[in-house]
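Please look at the sequence and the model side by side, and keep both in view while reading. The paragraphs below go from single residues to the whole chain and back again.

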Amino acid sequence: MTDAEWRVVRAALPVPAWLEGRGGQPEAYCHREMVDAVRFLVDNGIKWRAMPADFPAWTCVYAFFRRWRDQGLAGEFHDRLRARCRIAEGRAVEPTAGNIDAQSVKAAAAGGRVDRGRRRVGGP
């Protein structure tokens with residue numbers, strides 16, 4: 001991640017509890033290293049155990065990710081970044097419309113009928 005990207009990401013990261021006096025301990029690794037490691041994993045589709053030696057140990061990265069996921073911090077981080085991107089594009093923070101792609105609906109949801117994906121009008 002570039003320094004410019006990190007400045008944006010750093011501002012969107014949730015504040016750790018220990019920095020706000022809510023208890024806990026400082027983390028052993030830099031958040032930038034951890035975010036970089038998770039981005040690498042997602043971007044390259046590797047398994048946790050295949051994390052390159054350039055990053056902290058996979059067990060530490062996984063524990064960081066799991067803790068953030070379980071505490072809802074990963075979702076909060078995502079929402080903050082999305083809001084920043086939407087504001088930068090001159091759009092409202094929250095979307096006003098949605099789009100559902102019918103192709104992404106699982107075949108089992110259609111009941112395995114031959115006519116799935118088409119709307120039946122009248123008749124059996």
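Is M34 buried or exposed? In this predicted model, M34 has a relative accessible area of 3%, and because buried means under 20% relative accessible area, M34 counts as buried. M34 is found in helix α2, and if residues up to four places away in sequence are not counted, M34 touches Y29, P56, C60, V61 and F64. Another residue to look at together with M34 is W58: the two are 24 residues apart in sequence, and their C-alpha atoms are 9.9 Å apart in space.

To place these residues, it helps to step back to the chain. There are 4 helices and 0 strands in the chain, and reading along the sequence gives the pattern α-α-α-α. The chain has 124 residues, of which buried residues make up 19%. If one takes the contacts between residues at least 6 apart in sequence, 47% of them join residues at least 24 apart.

Helix α2, which covers residues 31-44, also holds H31. H31 has a relative accessibility of 13% and therefore counts as buried. Leaving out residues up to four places away in sequence, the residues that H31 touches are W6, L13, P16, F64 and W68. For one of these partners, L13, the separation can be stated as well: H31 and L13 are 18 residues apart along the chain, while their C-alpha atoms are separated by 9.0 Å.

Which residues have the most contacts inside the largest nonpolar core? They are V9, L13, W48, M51, V61, W68 and F77, in a core that has 16 residues. The elements that give two or more residues to this core are α1, α2, α3 and α4, and α2 gives the most, with 5 residues. V61 can be followed further: apart from its neighbours within four places in sequence, V61 is in contact with M34, A37, V38, W48, M51 and P56.

Aromatic rings offer another way to trace the structure. A pair of aromatic rings is described by the distance of the centres and the angle of the planes. The structure holds 5 aromatic pairs, and one of them is formed by W48 and F65, a tilted pair with 5.6 Å from centre to centre and 40 degrees between the planes. This pair links distant parts of the chain, since W48 lies in the loop between α2 and α3 and F65 lies in helix α3, 17 residues apart. With a relative accessible area of 27%, F65 is partly exposed. F64 and W68 also form a tilted pair, with 4.9 Å from centre to centre and 35 degrees between the planes. Both F64 and W68 lie in helix α3, 4 residues apart, which is about one turn of the helix. F64 counts as buried at 4% relative accessibility, and W68 counts as buried at 7%. Finally, ring pairs link W48, Y62 and F65 into a cluster.

The last step is to look for the space that the atoms leave open. Rolling a probe the size of a water molecule over the atoms shows where empty space is left. How many residues line the largest pocket, and which lie nearest its centre? The lining has 14 residues, and V35, V38, R39, F77 and L81 are those nearest the centre of the pocket. Two or more lining residues come from each of α1 (3-12), α2, α3 (58-70) and α4 (73-88). By character, the lining of the largest pocket divides into 11 nonpolar, 1 polar and 2 charged residues. The volume of the largest pocket is about 350 Å³.

Technical notes: Residues numbered from 1 in each chain as written. Predicted model: local features only at pLDDT ≥ 70, side-chain atom pairs only at ≥ 80, totals over all residues. Heavy atoms only, no water. Buried < 20%, exposed > 50% of the residue type's maximum accessible area, 1.4 Å probe, protein only. Contact = heavy atoms within 4.5 Å. 1 Å grid on protein atoms, 1.4 Å probe; cavity = no way out; pocket = protein on both sides within 12 Å on 5 of 7 lines; lining within 4 Å. Points joined across faces, edges and corners; volume = space filled by probe spheres on them. Nonpolar A, V, L, I, M, F, W, Y, C, P; charged D, E, K, R; others polar. Core = buried A, V, L, I, M, F, W, Y, C linked by side-chain atoms within 4.5 Å. Phe/Tyr/Trp six-rings, centres within 6.5 Å; stacked < 30°, edge-to-face > 60°.
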